Amino acid sequence: MELPKIPIGDAVEAIVDWIDQYFSWLLDAISDGLRVLVNGLDDILLAIPAPVLIVLMGVIVWFVTRHDIKMTVLTILGLLLIWDLGLWELSMLTVVLVIIATVIALALSIPIGIAAARSDTLNTILRPFLDFMQTMPSFVYLIPAVIFFGLGSVPGIIATVIFAMPPALRLTTLGIRQVPVELIEVADAFGATPRQKLFKVQLPVALPTIMAGVNQCIMLALSMTVIASMIGAGGLGYQVLVGIQRVDIGMGFEAGLAIVILAIIFDRITQNLVPKYGKK
């Protein structure tokens, strides 16, 4: 006995064709805008001499980590090592891709997370989608990105945004829902509007949890850069991919080491962005 096949693939293909037919103008506009943004930021970073940018990054880490000399020295040494390995240009492109993807992912996930924290219905609707997104193999995200945006850095950013959104959205919702009821009641007793309650009570109290989501979003975006290199995203991920294809262990290891250094710097910076009063 042979079961009739449910035409899921045909249905998805029909949806993709419909979107491509009626929204190609929007997809082209998004693609052009992101391409200009990537090229512009990459040109700006590369226009700054590497030693100057390394010192500048050291100063930023010094202030952000509240004068942590150990982290500042490690940041400078790590960036000097990347420069010495001849991976500076690829690293700057990776940084640009991660920053753009993270900003877009947070711009979408934090407002949606706030809305989900206020609405049980929306939270119930979003939960299965988030479960689906977090269990889906990351390679699968490359398929729709390639179909709608072709090859290059733009589909890499789109796939990275979708891949990195769920943790930030979940932790934003969780953080706001965990605000003590007593604080909400006090705000209500003082006649605070919903907007005042959100910005003066809920968000400050939930800030450590939200920043944990931001940190996870950045880490996932950085990890996705290696996978996105398979569709031509470029950067250090492409160097890792070339190392695998050529079975060049040294090349792949150096690029992987550069990614780890960038991940540590991003991680320490975001961990220290939470104000002292917001820490538990």
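Student: Does P204 count as buried, partly exposed or exposed, and at what relative accessibility?

Tutor: The model is a predicted one. P204 is found in helix α10. Buried means under 20% relative accessible area and exposed means over 50%. P204 has a relative accessibility of 26%, so P204 counts as partly exposed.

Student: How far apart in space are P204 and I244, C-alpha to C-alpha?

Tutor: P204 lies in helix α10. In sequence, P204 and I244 are 40 residues apart. In space, their C-alpha to C-alpha distance is 45 Å.

Student: What is the orientation of α9 relative to α10?

Tutor: Helix α9 covers residues 181–189 and helix α10 covers residues 194–228; the two pack with their axes 11 Å apart, at an angle of about 165 degrees. Angles over 145 degrees count as roughly antiparallel. Therefore α9 is, with respect to α10, roughly antiparallel.

Student: Is the crossing of α9 and α10 left-handed or right-handed?

Tutor: The angle between α9 and α10 is about 165 degrees. The hand of the crossing is a separate item, and for α9 and α10 it is right-handed.

Student: What is the orientation of α5 relative to α12?

Tutor: Helix α5 (residues 88–118) and helix α12 (residues 249–271) have axes that come within 11 Å and cross at roughly 45 degrees. Angles under 35 degrees would count as roughly parallel, and 65 to 115 as roughly perpendicular. The crossing angle falls in neither class, so α5 is, with respect to α12, oblique. The crossing of α5 and α12 is right-handed, and the class asked for is oblique.

Student: Which helix supplies the largest share of the nonpolar patch?

Tutor: The patch is made by W18, Y22, F23, W25, L26 and I30, with an area of about 630 Å². Two helices, α1 (8–22) and α2 (24–47), each supply at least two of its residues. The largest share is 3 residues, and the helix supplying it is α2.

Student: Why does I30 count as partly exposed?

Tutor: I30 is placed in helix α2 and is one of the residues of the nonpolar patch. Partly exposed covers the range between the buried cut-off of 20% and the exposed cut-off of 50%. I30 is partly exposed because its relative accessible area is 34%.

Student: How many helices and strands are in the protein chain?

Tutor: Read along the sequence, the pattern is α-α-α-α-α-α-α-α-α-α-α-α. The C-alpha trace spans about 70 × 65 × 40 Å along its principal axes, and 44% of the 280 residues count as buried. The count for the protein chain is 12 helices and 0 strands.

Definitions and conventions: Residues numbered from 1 in each chain as written. Predicted model: local features only at pLDDT ≥ 70, side-chain atom pairs only at ≥ 80, totals over all residues. Heavy atoms only, no water. Patch = residues over 30% accessible without salt bridge, like charges linked within 9 Å, V, L, I, M, F, W, Y side chains within 5 Å. Areas by Shrake-Rupley, 256 points an atom, 1.4 Å probe, with all protein chains shown as cover. Salt bridge = Lys/Arg side-chain N within 4 Å of Asp/Glu carboxyl O. Helix = DSSP H or I, 4+ residues; strand = E, 2+ residues; numbered from the N terminus. Buried < 20%, exposed > 50% of the residue type's maximum accessible area, 1.4 Å probe, protein only. Axes fitted to C-alpha atoms, helices over the stretch in contact; angles between N-to-C directions. Left-handed = near helix turned anticlockwise from the far one by under 90°.
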